[in-house]
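Work through the following exercises with the sequence and the model at hand. Each task is followed by a stepwise solution.

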Amino acid sequence: MDPYKYRPSSAFNSPFMTTNSGVPVWNNNNSLTIGTRGPVLLEDYHLLEKLANFDRERIPERVVHARGASAKGFFEVTHDISHLTCADFLRAPGVQTPVIVRFSTVIHERGSPETLRDPRGFAVKFYTREGNFDLVGNNFPVFFVRDGMKFPDMVHALKPNPKSHIQENWRILDFFSHHPESLHMFTFLFDDVGVPQDFRHMDGSGVNTYTLINKAGKTHYVKFHWRPTCGVKCLLEEEAIKVGGSNHSHATQDLYDSIAAGNFPEWKLFIQIMDPDHEGRFDFDPLDVTKTWPEDILPLQPVGRLVLNKNID
């Protein structure tokens, strides 16, 4: 008997309505109330989600990551990590999970060139049998600031001046001069990897430190890393100007055309593992997003592969 036969699924072709997180909706016509005439309960998450989606049916441009491209595919486990996690979609080698991936630039508007020197978003949504799991990250393994309170101010500094609509270096440097931890991110941004050739030839990183919990309740810190099987390729400044001048959507077109031609992009997923009991042995905070974990001490360990084989319908 298959113990998962009647377990709710959040796959693409689900025969029933689900919430955004993949939980089945038991009633789409009535709110939860106290008694037949009582007040509506705030714990009715489907009501709140339904109204929130309705309020946002006309979606304005996003403040960040407005420019992006998506594709569908699958994630397949290739190495057993069941001793680290009880997550169902990582339960054994050979298990496949449908995914959708969105790549993006960060700062500029939807119509901006995809050749600008800018971090790239790398977001993966796994449609697992236990619900939807989002692994949101960038193409760099670190971030500008470690405190989320500073994130809106950071974005305002990087955005074009609202008076002139021109991105101004003095505004960027004025903000980041007060946050020296951002220097690590700038070494990536202004390195050759600062302008990826396209989405197929760039790394991905979870950036944040996550926890995996096994069946015995043991917790491990982990960092997630995506590595393209076709290698990392970037554009030099002169190349970026030439490519961007001829096609503002070159990375989006490259992704779409590659999948349409059957040349499916693929990434390998690796993790770094740290025992929380050992974090005191290091001279850095493993939860600090402005720091990387040294791979010579905490080596990359293979987990699976990501294949994008279908363009958006």
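**Exercise 1: Leu308 and its surroundings**

Leu308 lies in strand E9, where strands (E, at least two residues) and helices (H or I, at least four) are DSSP runs numbered from the N terminus. The model is a predicted one, in which local features need pLDDT of at least 70 and side-chain atom pairs count only at pLDDT 80 or more, while totals for chains, interfaces and linings use all residues. Residues are numbered from 1 along each chain as its sequence is written, and side-chain values use heavy atoms, with hydrogens and water left out.

Task: determine whether Leu308 is buried or exposed, and which residues it touches.

Solution.
1. The relative accessibility of Leu308 is 0%, so this residue counts as buried; buried means under 20% relative accessible area, exposed over 50%, and partly exposed in between (1.4 Å probe, protein chains only).
2. Leaving out residues up to four places away in sequence, Leu308 touches Ala71, Lys72, Gly73, Val101, Phe103, Leu255, Ile259, Phe264, Pro265 and Trp267, a contact being heavy atoms within 4.5 Å.
3. One of these, Val101, is 207 residues from Leu308 along the chain, yet their C-alpha atoms are separated by 8.1 Å.

**Exercise 2: The nonpolar cores**

Task: identify which residues of the largest nonpolar core touch the most other members, and which elements give two or more residues to this core.

Solution.
1. A nonpolar core is a set of buried Ala, Val, Leu, Ile, Met, Phe, Trp, Tyr and Cys residues joined through side-chain atoms within 4.5 Å.
2. The largest such core has 32 residues, and those touching the most other members are Phe75, Phe103, Phe122, Trp226, Leu306 and Leu308.
3. Two or more residues come from each of strands E1 (68-77), E2 (96-105), E3 (120-128), E7 (219-228), E8 (266-274) and E9 (301-311), and from helix H6 (250-260).
4. A second, separate core holds 20 residues, including Val64, Phe144, Leu158 and Leu189.
5. Beyond four places in sequence, the contacts of Trp226 include Phe75, Phe122, Trp267 and Leu306, and also Asp203, Gly204 and Ser205.

**Exercise 3: Two histidines with positive phi**

Task: state where His65 and His165 are found, and whether each is buried or exposed.

Solution.
1. Most residues other than glycine have a negative phi.
2. His65 has a positive phi of about 60°, and the phi of His165 is likewise positive, near 60°.
3. His65 is found in the loop between helix H1 (45-55) and E1, whereas His165 is in the loop between helix H2 (151-158) and helix H3 (169-176).
4. His65 is buried, with a relative accessible area of 17%; His165, at 58%, counts as exposed.
5. Apart from its neighbours within four places in sequence, His165 is in contact with Glu109 and Pro160.

**Exercise 4: The chain as a whole**

Task: how many helices and strands does the chain have, and what is its radius of gyration?

Solution.
1. The chain has six helices and nine strands.
2. Its radius of gyration is 22 Å, close to the 20 Å given by the globule rule for 313 residues, so the chain is as compact as a globular protein of that length. The radius is taken over C-alpha atoms, and the rule is 2.2 Å times the number of residues to the power 0.38.
3. The C-alpha trace spans about 65 × 45 × 45 Å along its principal axes.
4. Of the 313 residues, 42% count as buried.
5. Among contacts with a separation of 6 or more, 69% are accounted for by residues 24 or more positions apart.
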